[in-house]
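User: I have a structure here that I'd like to go through with you. Can we start with how you decide what packs against what?

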Amino acid sequence: MHEQDSAPHGNSTGHGRRGFLSAAALAATSLVAVTGAAPTQAHSAESAPGTRAPARGRNQVTAAITQSGHRRLGSLKVSSIGLGCQTMPGNLYGPVTSRKDMLALIRTAVDQGVTFFDTAEAYGPFESERIVGDALRPVRDDVVIATKFGWDIDPDTGARGGLNSRPDHIRRAVDDMLKRLRTDHIDLLYQHRVDPTVPIEDVADTVKDLMAQGKVLHWGLSEPGLQTIRRAHAIQPLTAIQNEYSTLWRGPEEQVLPLCEELGIGFGFVCWAPLGMGFTTGTINPYTRFTEGDFRAAVPRNSRDNMPANMALVQLLQDWAVCKGATPAQIDLAWLLAQKPWIVPIPSTTRLSHLLENIGAEEVRFSRDELQELNAAVARITISGARLMPPVLAQTGVEAPPR
């Protein structure tokens, strides 16, 4: 076990709205609990399934917690904290209560000021896009929808083969996405993973054509190699890179974030798993038993051998949460927002209480000295175990072949 970092300096009690946000998250949890849904074995503020959202109009807490901050991804104006929708089909981190509840959660997110929603054809597969499309159709012009292509998925069975970014496949995939999303355009289209058999120039040219047709407005790459970013950007300027990033995984700081900065104004960085797949919320520990089929059970850093050492990070976030009148999840998200003005986290959740908690993170502020202290404390903690399983990890940081 690593030595725990000392508690941060400063106020030891929350005050003003920041103090309220922590209490409101707890109050929302209580309100949700009275609906009678059973708790799950491994719940998290990022993606925990299981609890039914209260009927709209009966929850006074939601009326008080709204998100007002915005950030820029290129020319896209998005809420400073978005909503990842990958867990809503209920087959990634365990089952959800119902599709109806997921629709209601997205609509509540819109009411609370969230304007940025992230999905992909691979989530479900297809079902996450359908949920997002159905939920956002009434407010389509007021929100930004991001989705991803890049897998060879059987349209009838949903069976996923390997990677496929051939131009003809991209075109078919986008047409199918538009139908599922119930829209005539995709605000931000990512290549989900770099296809090692297709030159990125071919991908960029295809997306450029789709943009000329008005089907796609902006594009980006997810977990790409560094040279692939440069080559893609030279053909059709990228709007965003989406990689995993949190206090638990700081890999992008070494090369990806500096490259985003180098490529100039208008570039953005979107963080998936900004809460470490729920680990940094403090609700996962060495005694956690994940539900059957939960993706996180196979993640090496969550193993019984690795997790005890990683709890030092959770303790650090808990210490800061006490001092800032917030929750560990809010500290982690606020830490991300404080790193760069063009970073946008997209925590996923299937619970109302966690949605409110996450968007409340924008109220947490760090002074310059506090941020330096927190950065140094996080850097002193060594995380044990890989962030993904070997076959999945092998698909990250891939360079596309030459044209």
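Analyst: Contact here means heavy atoms within 4.5 Å. Keep in mind that this is a predicted model.

User: Fine. What do the buried residues of helix 2 pack against?

Analyst: They pack against strand 3 (83–84), strand 4, helix 3 and helix 10 (352–359). The buried residues of helix 2 are Asp101, Met102, Leu103, Leu105, Ile106, Thr108 and Ala109.

User: Why would buried positions recur along a helix?

Analyst: An α-helix has 3.6 residues a turn, so residues three or four places apart point the same way.

User: How far does helix 2 reach?

Analyst: Helix 2 covers residues 99–111, 13 residues, and spans 19 Å from its first C-alpha to its last. That is close to the 18 Å expected at 1.5 Å a residue. Just after helix 2 comes glycine 113, with a positive phi of about 105°.

User: And helix 4, what is its length and what is buried there?

Analyst: Helix 4 has 15 residues and reaches 21 Å between its first and last C-alpha, close to the expected 21 Å. Its buried residues are His169, Ile170, Ala173, Val174, Met177, Leu178, Arg180 and Leu181. They pack against several elements, including helix 3, strand 5 (144–149), strand 8 and helix 5 (200–212).

User: What follows helix 4?

Analyst: Arginine 182 follows helix 4, and its phi is positive, near 55°. The residue sits in the loop between helix 4 (167–181) and strand 8 (186–191).

User: Is that arginine 182 buried or partly exposed?

Analyst: Partly exposed, because arginine 182 has a relative accessible area of 38%, and buried would need under 20%.

User: Which residue in the loop between strand 4 and helix 3 has a positive phi?

Analyst: Phenylalanine 126, at about 75°, although it is not a glycine. It lies in the loop between strand 4 and helix 3. Phenylalanine 126 counts as buried because its relative accessibility is 8%. As background, most residues other than glycine have a negative phi, and most peptide bonds are trans.

User: Where is there a cis peptide bond?

Analyst: Between glycine 124 and proline 125, with omega about -5°. Proline 125 is in the loop between strand 4 (116–118) and helix 3 (127–136).

User: Switching to pockets. How big is the largest one, and which residues are closest to its centre?

Analyst: The largest pocket has a volume of about 580 Å³. It is lined by 24 residues, and Leu92, Tyr123, Arg160, His192 and Phe295 are the closest to its centre. By class, the lining holds 12 nonpolar, 8 polar and 4 charged residues.

User: What about isoleucine 346, where is it?

Analyst: Isoleucine 346 is in the loop between strand 12 (343–345) and helix 10. It counts as buried because its relative accessibility is 1%.

User: What does isoleucine 346 touch?

Analyst: Leaving out residues up to four places away in sequence, its contacts include Gly82, Leu83, Gly84, Phe116, Asp118 and Trp272. Between isoleucine 346 and leucine 333, 13 residues apart in sequence, the C-alpha to C-alpha distance is 9.4 Å.

User: Last one, the whole protein. How many helices and strands, and what share is buried?

Analyst: There are 12 helices and 12 strands. Of the 403 residues, 58% are buried. The exposed area is about 15900 Å², with carbon and sulfur atoms supplying 51% of it. Among contacts between residues at least 6 apart in sequence, 79% join residues at least 24 apart.

Technical notes. Residues numbered from 1 in each chain as written. Predicted model: local features only at pLDDT ≥ 70, side-chain atom pairs only at ≥ 80, totals over all residues. Heavy atoms only, no water. 1 Å grid on protein atoms, 1.4 Å probe; cavity = no way out; pocket = protein on both sides within 12 Å on 5 of 7 lines; lining within 4 Å. Points joined across faces, edges and corners; volume = space filled by probe spheres on them. Nonpolar A, V, L, I, M, F, W, Y, C, P; charged D, E, K, R; others polar. Helix = DSSP H or I, 4+ residues; strand = E, 2+ residues; numbered from the N terminus. Buried < 20%, exposed > 50% of the residue type's maximum accessible area, 1.4 Å probe, protein only. Areas by Shrake-Rupley, 256 points an atom, 1.4 Å probe, with all protein chains shown as cover. Expected span 1.5 Å × (residues − 1).
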